[in-house]
Amino acid sequence: MDPSELNGSEAELNGNGAELNGNGAELNGNGAAEGNGGSEEALPPPPPIPPNVTPIKAEPEVKKITRVPMARRGLGTKGNKVPILTNHFKVNVNSVDGYFFHYSVALAYEDGRPVDGKGIGRKVLDRVHETYDSELAGKEFAYDGEKSLFTVGPLPRNKLEFTVVLEDVTSSRNNGNASPGSENPNDSDRKRLRRPYQSKTFQVEISFAAKIPMQAIANALRGQESENSQEALRVLDIILRQHAAKQGCLLVRQSFFHNDPKNFSDVGGGVLGCRGFHSSFRTTQSGLSLNIDVSTTMIIQPGDVANFLVANQNCRDPFSVDWAKAKRTLKNLRITVSPTNQEFKITGLSEKSCREQTFTLKQKSKDGDGEFQTTEVTVYDYFVNQRNIDLRFSADLPCINVGKPKRPTYFPVELCSLVSLQRYTKALSTLQRASLVEKSRQKPQERMSVLSNALKINKYDSEPMLRACGVSINNNFTQVEGRVLPAPKLKVGNGEDLFTRNGRWNFNNKRFVNACKVERWAVVNFSARCDVRGLIRDLIKVGESKGIIVEDPFDVFEENQQFRRAPPMVRVEKMFEEVQSKLPGPPKFLLCLLPERKNCALYGPWKRKNLSEFGVVTQCLAPQRVNDQYLTNLLLKINAKLGGLNSVLASELSPTIPMVSKLPTLILGMDVSHGSPGQSDIPSIAAVVSSRQWPSVSRYRACVRTQSPKMEMIDSLFKRVSDSEDDGIMREALLDFYVSSGKRKPDQIIIFRDGVSESQFNQVLNIELSQIIEACKFLDEKWNPKFVVIIAQKNHHTKFFQPNSPDNVQPGTVIDNKVCHPRNNDFYLCAHAGMIGTTRPTHYHVLLDEMGFSTDDLQELVHSLSYVYQRSTTAISIVAPICYAHLAATQLGQWMKFEDTSETSSSLNGAAPGGAPAVPPMPKLSESVRNSMFFC
């Protein structure tokens, strides 16, 4: 099977391109434009109006304005200019007056059943290309593996039909259930064989769908993007994918992975990280470029199935495998079977062991009536006695089933071997994730040499389709001009300046700018081994040096040993009963010691109990390596949670932040986090973080809601419950801003939105922003704040390098030329110091700016907001409000996690009308912590 089919992304676009434009007009079949006489039919006259009816006058339709991303106003000039190399490679397109022709492909078996199995398409079309070269007028084509095929210039006819025969679809051999000797099964036998392996004849229909001018690429480079330009670039991407597919690569969206064990690294649990490349064509200010980057995906450990299961379940040997779990893990994986090397897809496991599982075997000789005799035989006997294959350990294990539900086909486990390059799509454990990150990171120079090499190996100049459309790719990294912005000045306690070096600073001999008091507090210890009294003593001492008065705790509550093995919810409940019975009143703060560092099961239930039910601020720690540095970092978090601030921008104290300090300005950070790919029914979590106490830009509060799984647009920004009531996120944020900023409404609202792809920019502008405006109008009809909308993207593939230096680019490096968008207002910023691996810049897209920022002021504001993150003493890679939104979503997501296990996750609170399960609402935060930085 061709690995290209493992990508989920191509199918969406493959109709005839028509579904991309939302405005019905162009949807009238794209034949009309090609001169097929698409004349409009005249409409019939309107019906006469009966005499006793007064026509109702139609209301003039209120025209909704559709907002589109703004154009760039100019380039920034501030900062120290530096040369930078980037992993964009210049592409020249020579034939601009040609056309791509788009054809749709329909595949069917001989009997007319459509081919639905993935993976066969490329093999079939390769055969069409070999067999019918003259009918195709010798044309090369690019095929996407699904339903679309593209050529440069037209094929001889608008509709072509071909019949091709593939000798070996998956297996031309008889399978294990039929008698091994009969190589040419007669008719009655043929019916028993598994169907797809039989259907070797395919009917292929290729029909004209659309014509895409290559001129569209040139237009896009001038900033005139259109549906045609997106399609034309898609064709170029498909050519590269096909090029990789021909080399036997696994394709995952725009990345491809070669089957070379040198690229594999074991991350544990039978999962390997597989290193490959991402490649995509991008329109930029300096023309078309090919963006190539190193990419990593997860694959199943190839080879022996038994070895894989032992690694996957981390058990001793195949006899200790949990086979119910194994059945779920193995379903749909592809194996080869020894000694024939046939390939199959696993459909399940046998009910009984290999020694006991029987099937009906036909004898070779016919009986007196001319019928084949059948006998019941066990799988074990058949392989050992009839096939003379020695089985070492499979006798008492289940068999692997590769048959249909009604017609199983069994193989002993030890004869089965997993095919290489099969994606692993479940969520990774914390340990696997850590291992993958460690093994896939590369220093800048190593990454550059790998990428240079990739261009050489891939031999794009030999690709006939690229040749046909006159595309050539330069082998050199594009050089751009970067600017290093000066770090913003920071202030700490006693009005002292805090100096930053290389995007980092520390609090040695410094006090927090706004230190809170830790009083009415207690410690709870969930059986963590540590000297609790010593920890408290050190915390008080370090707190004093930072200006924080830490009073003696009321008490230390040790967990009762009888509950240590109880479920997490029970342990938390019991601990709370204990705390409540002993404390005179509700505590202001609880320090919680957890027994293990990562993913402690107590964390979610504990946080929820404190923040939702009791309204108590809490700080967890796993006391393994506690020293003064650790305690200082802990106090950074505690101080922020209790309402203090550690350091602030000098410009927010003086207040002199351009535009923001002049008029009340609300800053929002918005993010939606989804369950991992394997979990389709886990609700998505929308988090909106909003600034408070203007002119501060360092204090925030968060509001978190659940919404339908995998839904990217936030749907609860404005939630009208009645004519006078709005239960949306924005109302909460706006009211808190008003109360905390001296009864002032924000005149300006700056929105930072994370994790949205380019195809959704218009939705943010037209759906989310419209909700926010509605929420404002709902509070006050006459209120018209000005908006700025900025998208921040981290998961893109543009990287920057310093020429002739082993180091990452300097913190504060901003790039807004050459590799940015030809029209839109975007820039890249590396605000942080990349300590390990290669720095990943954040790509900011300014979609709307009604405030009228200058380019420099806006870039400096974004840079400054990377310095107000209270949890660390470093500049971070993305603005703090977005980082806080991540934290809030993650923390409340932990609450939902154990909700899931307490009820059955399949039936989340019954079903909503329409059949989809109702999304369980997020438990509300208690009043007393609602406006705190509890997420720090």
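The exercises below work through aromatic pairs, nonpolar cores and one sheet of a predicted model.

Residues are numbered from 1 along each chain as its sequence is written, and side-chain values use heavy atoms, with hydrogens and water left out. Because the model is predicted, local features need pLDDT of at least 70 and side-chain atom pairs count only at pLDDT 80 or more, while totals for chains, interfaces and linings use all residues.

**Exercise 1. Describe the chain as a whole.**

Step 1. Take the secondary structure: the protein chain has 21 helices and 41 strands. Helices (H or I, at least four residues) and strands (E, at least two) are DSSP runs, numbered from the N terminus.

Step 2. Take burial: of the 936 residues in the protein chain, 53% are buried. Buried means under 20% relative accessible area, exposed means over 50%, and partly exposed lies in between (1.4 Å probe, protein chains only).

Step 3. Take the contacts with a separation of 6 or more: 73% of them are between residues 24 or more positions apart. Contact means heavy atoms within 4.5 Å.

**Exercise 2. Classify the ring pairs F101 with F208 and F800 with Y828.**

Step 1. Set the criteria. A pair of aromatic rings is described by the distance of the centres and the angle of the planes. Rings of Phe, Tyr and Trp (its six-membered ring) pair if their centres lie within 6.5 Å; planes under 30 degrees apart count as stacked, over 60 as edge-to-face and the rest as tilted. The structure holds 24 aromatic pairs.

Step 2. For F101 and F208, the centres are 6.0 Å apart and the planes stand at 55 degrees, so the pair is tilted. F101 belongs to strand β2 (residues 99-109) and F208 to strand β6 (residues 201-213), so the pair ties together parts that are 107 residues apart in sequence. With a relative accessible area of 10%, F101 is buried.

Step 3. For F800 and Y828, the centres are 5.3 Å apart and the planes stand at 80 degrees, so this pair is edge-to-face. F800 is in strand β38 (residues 800-801) and Y828 in strand β40 (residues 825-830), 28 residues apart, and the pair links distant parts of the chain. F800 is buried at 2% relative accessible area, and Y828 is buried at 2% as well.

**Exercise 3. Find the lysines placed over aromatic rings at Y99 and W783.**

Step 1. Apply the criterion: a charge sits over a ring if NZ of Lys or CZ of Arg is within 6 Å of the ring centre and within 35 degrees of the ring normal.

Step 2. At Y99, the lysine is K211, which lies over the face of the ring at 4.4 Å from the ring centre.

Step 3. At W783, the charged end of K745 sits over the ring, 5.6 Å from its centre.

**Exercise 4. Locate the largest nonpolar core and a second one.**

Step 1. A nonpolar core is a set of buried Ala, Val, Leu, Ile, Met, Phe, Trp, Tyr and Cys residues joined through side-chain atoms within 4.5 Å.

Step 2. The largest core has 86 residues, and Y884 and F935 have the most contacts inside it. Helix α20 (residues 880-902) gives the most to this core, with 11 residues.

Step 3. Leaving aside neighbours within four places in sequence, the contacts of Y884 include V689, Y700, V868, M933 and F935.

Step 4. A second, separate core has 43 residues, among them A306, V310, L391 and L415.

**Exercise 5. Build the sheet that contains β18.**

Step 1. Order the strands: 3 strands form an open sheet, β15-β18-β19, with antiparallel pairing. Two strands pair if DSSP finds at least two bridges between them. The edge strands, β15 (348-353) and β19 (410-412), each pair on one side only.

Step 2. Add the bridges. β15 and strand β18 (residues 398-401) are joined by 3 bridges, and S353 has P398 as its bridge partner in β18. β18 and β19 also pair over 3 bridges, with I400 opposite F411 in β19. F411 is one of the residues in an aromatic cluster with F344, F359, Y382 and F383.

Step 3. Place the helices. Helix α8 (residues 379-386) lies across β18 and β19, at about 65 degrees to β19. Axes are lines fitted to C-alpha atoms, for helices over the stretch in contact, and angles run from 0 to 180 degrees between N-to-C directions.
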